[in-house]
Amino acid sequence: MKKRIVAGNWKMNLNKEEATTVLQGVASYVASNNMPADVEVVICPPYPYLSLACELLKDSDVKVGAQNCSHEAKGAFTGEVSASMLADLGVTHVILGHSERRKYFKESDALILKKTRAAMSAGLNVIFCVGEDLHTREDEGQYLFVKNQLKDSVFMLSSSDLASLVVAYEPIWAIGTGKTASPEQANEMHYYIRDQFAENFDQPTADKLTILYGGSCKPANATDLFAQANVDGGLIGGASLKAEDFTGIIAATL
Ligand code: PEP
């Protein structure tokens, strides 16, 4: 069954008290609503709050994701966190290839592929981000841009790896800008991504792939975005920082 996912990416935000309030608010919303069997809710706090999140959500259907992991399994890599350490805590997902990591930490497709392999070896599901910048979109180069991001990374995986892969299409011009891709723009790109997976793997594998939209998604636009045939949920930044906003987006899947 193809999953629909609403995943919150807190980035480097919230303190312990605020984190607790959001986690409890989302857990209580999910517990008191009849969530469809195909819907998964994931919250990705910063590393220091992962233990707290795993503990608070241990009896909840809300899953915990990390925002990064090392490409190495263990060793002398000061400051790094391995995928198996995350799995040990009860973390089930990890966001990789986010445009902020590509831009500020110079993560290449090759490095992101290594991280993806490390995460999958540790049993984590990977939320793999792709998406073009404004200049590329204005030049109508978005399809080639995304194709290249996939070609040099996840298309190198085996088709059995794809069971633990989720793709997030996040046009950089829509992230944190308040500028959302229209439902049609999102659907067109998601259709294209699915088609690329069909070409590189096979159609049944592509049909099962969950493709999320990310970029200024909020309660007011989530219903229209999620109604698109190829939009299987969202990766949510700013609107995941308040339980009320995040649950307003989860409500769009009900
Ligand atoms: C993100 O960075 O993953 C994101 C989607 O951010 P925002 O929702 O704030 O645009």
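# Exercises on a predicted model

At 17% relative accessibility, Y29 counts as buried. The model is predicted, and each exercise below works from it.

## Exercise 1. Y29 and its surroundings

Task: place Y29 in the fold and list its contacts beyond four places in sequence.

Solution.
- Step 1. Find the element. Y29 sits in helix α1.
- Step 2. Check the burial. The relative accessible area of Y29 is 17%. Buried means under 20%, so Y29 qualifies.
- Step 3. List the contacts. Leaving out neighbours within four places, Y29 meets T247, I250, A251 and L254.
- Step 4. Take one of these partners. A251 is 222 residues from Y29 in sequence, yet their C-alpha atoms are 9.4 Å apart.

## Exercise 2. A glycine in α11

Task: decide whether G248 is buried, exposed or partly exposed, and find how far its C-alpha lies from that of K58.

Solution.
- Step 1. Locate G248. It belongs to helix α11, residues 243-250.
- Step 2. Read the accessibility. G248 has a relative accessible area of 24%, so it is partly exposed.
- Step 3. Take the distance. G248 and K58 are 190 residues apart along the chain, and 22 Å separates their C-alpha atoms.

## Exercise 3. Cysteines without partners

Task: count the disulfides, then explain the status of C54 and C129.

Solution.
- Step 1. Count. There are zero disulfides in the structure.
- Step 2. Test C54. Its nearest cysteine sulfur belongs to C44 and is 11 Å away. A disulfide needs the two sulfurs within 2.5 Å, so C54 is in none.
- Step 3. Test C129. Here too the nearest cysteine sulfur is that of C44, at 9.4 Å. C129 is in no disulfide.
- Step 4. Add the burial. C54 is buried at 13% relative accessible area. C129 is buried at 1%.

## Exercise 4. The aromatic pair F155 and F201

Task: classify the pair formed by F155 and F201, and say which parts of the chain it ties together.

Solution.
- Step 1. Start from the total. The structure has four aromatic pairs.
- Step 2. Read the geometry. For F155 and F201, the ring centres are 6.0 Å apart and the planes meet at 65°. Over 60 degrees counts as edge-to-face, so this pair is edge-to-face.
- Step 3. Place the residues. F155 is in the loop between α7 (142-151) and β6 (165-169). F201 is in the loop between α8 (183-200) and α9 (203-208). The pair therefore ties together parts 46 residues apart in sequence.
- Step 4. Check burial. F155 is buried at 12%, and F201 is buried at 17%.
- Step 5. Widen the view. F155 and F201 join F197 in one aromatic cluster.

## Exercise 5. The nonpolar cores

Task: describe the largest nonpolar core and the second, separate one.

Solution.
- Step 1. Size the largest core. It has 70 residues.
- Step 2. Name its best-connected members. V26, L165, I193, F197, Y213, F226 and I250 have the most contacts inside it.
- Step 3. Find the main contributor. Helix α1, residues 16-32, gives the most, with seven residues.
- Step 4. Turn to the second core. It is separate, has 11 residues, and includes I5, V42, C44 and C129.
- Step 5. Zoom in on Y213. Beyond four places in sequence, Y213 touches several residues, among them Y169, P171, H190, L225 and V231.

## Exercise 6. Two arginines

Task: work out what the side chain of R137 contacts, and which ring R101 lies over.

Solution.
- Step 1. Place R137. It lies in helix α6, residues 134-138, and is buried at 13% relative accessible area.
- Step 2. Find the polar partner. The R137 side chain makes a polar contact with the E132 side chain at 2.8 Å.
- Step 3. Complete the list. Apart from residues up to four places away, R137 touches E132, Q142, Y169, W173 and Q185.
- Step 4. Move to R101. It lies over the face of F105, 4.1 Å from the ring centre.

## Exercise 7. Positive phi

Task: find where K11 and E140 sit, and state their phi angles.

Solution.
- Step 1. Recall the norm. Most residues other than glycine have a negative phi.
- Step 2. Take K11. Its phi is positive, about 55°, and K11 is in the loop between β1 (4-9) and α1.
- Step 3. Take E140. Its phi is also positive, near 60°. E140 is in the loop between α6 and α7.
- Step 4. Check exposure. E140 is exposed, at 67% relative accessibility.

Methods. Residues are numbered from 1 along each chain as its sequence is written. This is a predicted model: local features need pLDDT of at least 70, side-chain atom pairs count only at pLDDT 80 or more; totals for chains, interfaces and linings use all residues. Side-chain values use heavy atoms; hydrogens and water are left out. Buried means under 20% relative accessible area, exposed over 50%, partly exposed in between (1.4 Å probe, protein chains only). Rings of Phe, Tyr and Trp (its six-membered ring) pair if their centres lie within 6.5 Å; planes under 30 degrees apart count as stacked, over 60 as edge-to-face and the rest as tilted. Helices (H or I, at least four residues) and strands (E, at least two) are DSSP runs, numbered from the N terminus. A charge sits over a ring if NZ of Lys or CZ of Arg is within 6 Å of the ring centre and within 35 degrees of the ring normal. A nonpolar core is a set of buried Ala, Val, Leu, Ile, Met, Phe, Trp, Tyr and Cys residues joined through side-chain atoms within 4.5 Å. Contact means heavy atoms within 4.5 Å. A polar contact is a pair of N or O atoms within 3.5 Å; within protein, one must be able to donate a hydrogen and the other to accept it, and residues adjacent in sequence count only if both atoms are side-chain atoms.
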